[in-house]
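Welcome! Please take a moment with the sequence and the 3D view before reading on.

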Amino acid sequence: MFNKKIILSGMRPTGKLHLGHWAGALESWVQLQNEGSYQNYHLIADYHALTTNLDTSRIYEYTIEMLVDWLAAGIDPNQSPIFRQSQVKQHTELHLIFSMLITKSRLERNPTLKEQVRDLNLGPISYGYLGYPVLQAADILLYKGEVVPVGEDQLSHIEITREIARYFNRQYENVFPEPEPKLTRFARLPGLDGKKMSKSLNNSIFLSDSEGDVVKKMKKAITDPKKIRKGDPGRPDICLVFTYHKKFNPAEEKEIRSGCESGKLGCVECKLKCAARINEFLIPFRERRARLEQNPDEVKAILESGEERARTKASDTMRQVHEAMKMG
Ligand code: TRP
């Protein structure tokens with residue numbers, strides 16, 4: 001099939017994924033794959049992981065955990081190559097060329113960088129970290145990505161990618177498309193304490209959690225603090241559990257709202273209902289995971305064949321780049 005639009009999606013290998021990753025990214029990857037009109041490439045950005053953590057001792061483990069979660073969520077590796085940045089050397093090659101096409105001050109103006117430096121208390125950053133969006137531009141343009149599903153924090157990186165593509169095309173020859181970001185709809189699913197869902201905050205439901213884990217965690221979720229016992233009227237719009245109902249139990253949303261507001265529905269019952277829906281939702285994930293866990297070699301082979309296919313596409317693009325630059 002040709003003329004399929006090319007989608008490039010990526011994540012840094014952070015280990016096992018949680019429902020926030022599902023709602024913010026994976027769900028839309030799977031939908032786009034199943035629509036059938038796109039060719040997806042799925043990148044594991046292991047070099048990007050170095051920007052904030054130089055300790056690579058667990059990077060392979062994190063990569064495999066994340067990959068298994070992608071597969072469990074329904075990414076089909078036969079349709080869509082899955083590969084590590086570090087194993088397709090053209091990423092670093094194109095990164096180098098692109099690094100000449102953008103100024104240092106443009107990169108220093110990147111709002112996502114500024115935010116991270118502030119939030120993570122980073123102090124002086126490395127040369128590689130400043131170039132984070134340049135490597136991301138290489139990730140996307142190496143596959144001539146036209147659509148990039150991202151969260152809001154990545155919009156500034158896509159803008160830089162577009163600038164680099166324009167600059168290259170103007171300076172040399174028209175090789176690259178100008179990729180469009182595709183914002184995920186339900187971008188933020190909060191954690192069980194109402195803060196951003198994050199592994200380090202211990203407030204996450206993981207895609208790999210057991211049924212029992214989900215129930216236990218959901219019981220601890222915060223609700224409307226004014227609804228103390230069954231019978232008290234609650235305010236679903238400020239209740240975290242209601243957010244989860246909206247996402248994972250839309251069919252009962254109305255009923256839950258009125259039950260909560262009238263007081264008829266108690267928080268414990270409401271939480272158990274919610275946990276049951278999440279568990280139902282996770283059934284196919286658990287089935288696929290169980291099969292993959294029996295076959296670690298299959299997981300490795302998926303990565304190898306994805307990397308093989310990625311290299312073919314990447315070397316074709318690099319040939320065009322070198323020709324355009326009269327370096328071929
Ligand atoms: N920067 C992205 C993130 O932190 C990860 C990433 C790296 C990426 N390269 C990419 C995302 C290319 C999309 C396309 O989430």
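The report below begins at the ligand and then visits a few other places in this predicted model.

## Around the ligand

Let us start with the shell of residues around the ligand. Leu8, Gly10, Arg12, Leu43, Ala45, His48, Tyr132, Gln136, Asp139, Ile140, Val148 and Gln154 surround the ligand. By type, six of the shell residues are nonpolar, four are polar and two are charged.

Which elements each supply at least two residues of this shell? They are β1, covering residues 5-11, and α8, covering residues 132-141. Helix α8 gives the largest share, with four residues.

## Polar contacts and cover

Three side chains are worth finding in the viewer, since each places a polar atom by a nitrogen atom of the ligand. For aspartate 139, the distance from a polar side-chain atom to a ligand nitrogen is 2.7 Å. For glutamine 154, an N or O atom of the side chain is 2.9 Å from a nitrogen atom of the ligand. For glutamine 136, a polar side-chain atom sits 3.0 Å from a ligand nitrogen.

How much of the ligand's accessible area does the protein cover? On its own the ligand has 370 Å² of accessible area, and the protein covers 89% of that.

## Strand β4 and its partner

Val148, one of the residues around the ligand, also belongs to strand β4, which spans residues 147-150. In a regular strand, side chains alternate between the two faces of the sheet. You can follow this in β4: Val147 and Pro149 point one way, while Val148 and Val150 point the other way. Are these four residues buried or exposed? All of them are buried.

Next, look across to strand β5, residues 180-183, which runs parallel to β4 and is joined to it by four bridges. Valine 148 has proline 181 of β5 standing opposite. Together with helix α9, residues 155-171, the two strands β4 and β5 form a right-handed β-α-β unit.

## A buried residue in helix α9

Phenylalanine 168 has its place in helix α9. This residue counts as buried because its relative accessible area is 0%, and buried means under 20%.

Where does a residue distant in sequence come in? Phenylalanine 168 and alanine 324 are 156 residues apart in sequence, yet their C-alpha atoms are 9.4 Å apart in space.

## Two residues with positive phi

Finally, here are two residues other than glycine with a positive phi value. Asparagine 121 has phi near 55°, and this residue lies in the loop between α6 (111-119) and α7 (127-130). Its relative accessible area is 70%, so asparagine 121 is exposed.

Lysine 326 also has a positive phi, near 55°. Look for lysine 326 in the segment after α14, which covers residues 296-324. With a relative accessible area of 67%, lysine 326 is exposed.

Terms used. Residues are numbered from 1 along each chain as its sequence is written. This is a predicted model: local features need pLDDT of at least 70, side-chain atom pairs count only at pLDDT 80 or more; totals for chains, interfaces and linings use all residues. Side-chain values use heavy atoms; hydrogens and water are left out. A residue is near a molecule or strand if one of its heavy atoms lies within 4 Å of it. A polar contact is a pair of N or O atoms within 3.5 Å; within protein, one must be able to donate a hydrogen and the other to accept it, and residues adjacent in sequence count only if both atoms are side-chain atoms. Accessible areas come from the Shrake-Rupley method with a 1.4 Å probe; for residues, only the protein chains shown count as cover. Ala, Val, Leu, Ile, Met, Phe, Trp, Tyr, Cys and Pro count as nonpolar, Asp, Glu, Lys and Arg as charged, and the others, Gly among them, as polar. Buried means under 20% relative accessible area, exposed over 50%, partly exposed in between (1.4 Å probe, protein chains only). Two strands pair if DSSP finds at least two bridges between them. A crossover is right-handed if, with the strands pointing away from the viewer, the path from the first strand over the helix to the second runs clockwise.
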